[in-house]
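Welcome! Please take a moment to look over the sequence and the model shown here, and then we can walk through some of the details together.

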Amino acid sequence: MRGLFITFEGIDGAGKSTHIEPMAAQLRAAGHAVHVTREPGGTPLAERLRELLLHEPMDALTEALLVFAARRDHVQQVIEPALARGDMVLCDRFTDATFAYQGAGRGFDREVLKTLESWVHAQLQPDLTFWFDLSAEQAAQRLAAARTPDRFEQQDTAFFQRVREGYRARAEAFPLRFVRIDASADRDAVGRQVFAALEDRRW
Ligand code: TMP
């Protein structure tokens, strides 16, 4: 049986990444084979493209092309083979991030993004997407305490407000696969929301 593809989304600072390993541990304990990965990244080539994306100046089209180039390699080398084996794939960001960051954040043409998506993964969509939703102001406060910011983390609050609205639009367009997590709660309360969504599905 084909595996399940679960993605984790949200603006920088929303705290999604800390909940992925605990979820993987819970799913493994329930007997699932689980592969944890991330975007941009997840293969040696895609990780190299990630470094360029996060640190080299470039225009929005170059950014979109690099994101999808990294995704192409990742889907072919890692995600599709894992799903075909029957593994669960937990992926920190996927194409919803492109519509939110390059589409809503940068204002890049969504029709072009849809075309690139259809070239890169025409058939593949997540089975479940956790959207860690937090205001841009709260996320900025959390990020201020964190490491040296990359090209995206350096953007102003208005950029992250647009990205958040981009995620909201995706959640409204795909209500069956999106689960909104209130990421303003403390870490344990956020974790409980995530586990409750898995229990609802008996995964
Ligand atoms: P991360 O810090 O959650 O690993 O994500 C790296 C950055 O890459 C984050 O700021 C969002 C950005 N990004 C895009 O702009 N478009 C994309 O399609 C993806 C996957 C990430």
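Leaving aside its neighbours within four places in sequence, which residues is Arg50 in contact with?

## Arg50 and its surroundings

This is a predicted model, and a good place to begin exploring is helix α2, where Arg50 is found. Beyond its neighbours within four places in sequence, Arg50 is in contact with Arg38, Glu39 and Pro40. With Pro40, the side chain of Arg50 reaches the backbone oxygen at 3.0 Å.

Arg50 is buried, yet it has no salt bridge. The nearest side chain of opposite charge belongs to Glu47, 4.5 Å away, whereas a salt bridge needs the charged atoms within 4 Å.

## An unusual peptide bond

Now for Pro40 itself, which sits in the loop between β2 (34-38) and α2 (44-55). Most peptide bonds are trans. The bond that joins Glu39 and Pro40, however, is cis, with an omega of about -10°. Both of these residues are among the contacts of Arg50.

## Two arginines with positive phi

Most residues other than glycine have a negative phi. Two arginines here are worth a look with that in mind. Arg93, in the loop between β3 (88-92) and α4 (95-105), has a positive phi near 80°. Arg202, in the segment after α8 (187-200), also has a positive phi, of about 55°.

Are these two arginines buried or exposed? Arg93 has a relative accessible area of 12%, so it counts as buried. Arg202 has a relative accessibility of 76%, so it counts as exposed.

## The sheet

Let us step back to the strands. Five of them form an open sheet, in the order β2-β3-β1-β4-β5, and their pairing is parallel. At the edges are β2 and β5 (178-182), each of which pairs on one side only. From one strand to the next, the twist averages 20°.

How many bridges join β4 to β5? There are five, and the two strands run parallel, with β4 covering residues 128-133. One pair of bridge partners is Asp133 and Asp182, the latter in β5.

## A helix across the strands

Finally, come back to α4, the helix that follows the loop holding Arg93. This helix lies across β1 (5-10), β4 and β5. Its direction is at about 20° to β1.

Technical notes:
Residues numbered from 1 in each chain as written. Predicted model: local features only at pLDDT ≥ 70, side-chain atom pairs only at ≥ 80, totals over all residues. Heavy atoms only, no water. Helix = DSSP H or I, 4+ residues; strand = E, 2+ residues; numbered from the N terminus. Buried < 20%, exposed > 50% of the residue type's maximum accessible area, 1.4 Å probe, protein only. Lys, Arg positive; Asp, Glu negative; His and termini not counted. Polar contact = N/O pair within 3.5 Å; in protein donor to acceptor, adjacent residues only side chain to side chain. Contact = heavy atoms within 4.5 Å. Pairing = 2+ DSSP bridges. Axes fitted to C-alpha atoms, helices over the stretch in contact; angles between N-to-C directions.
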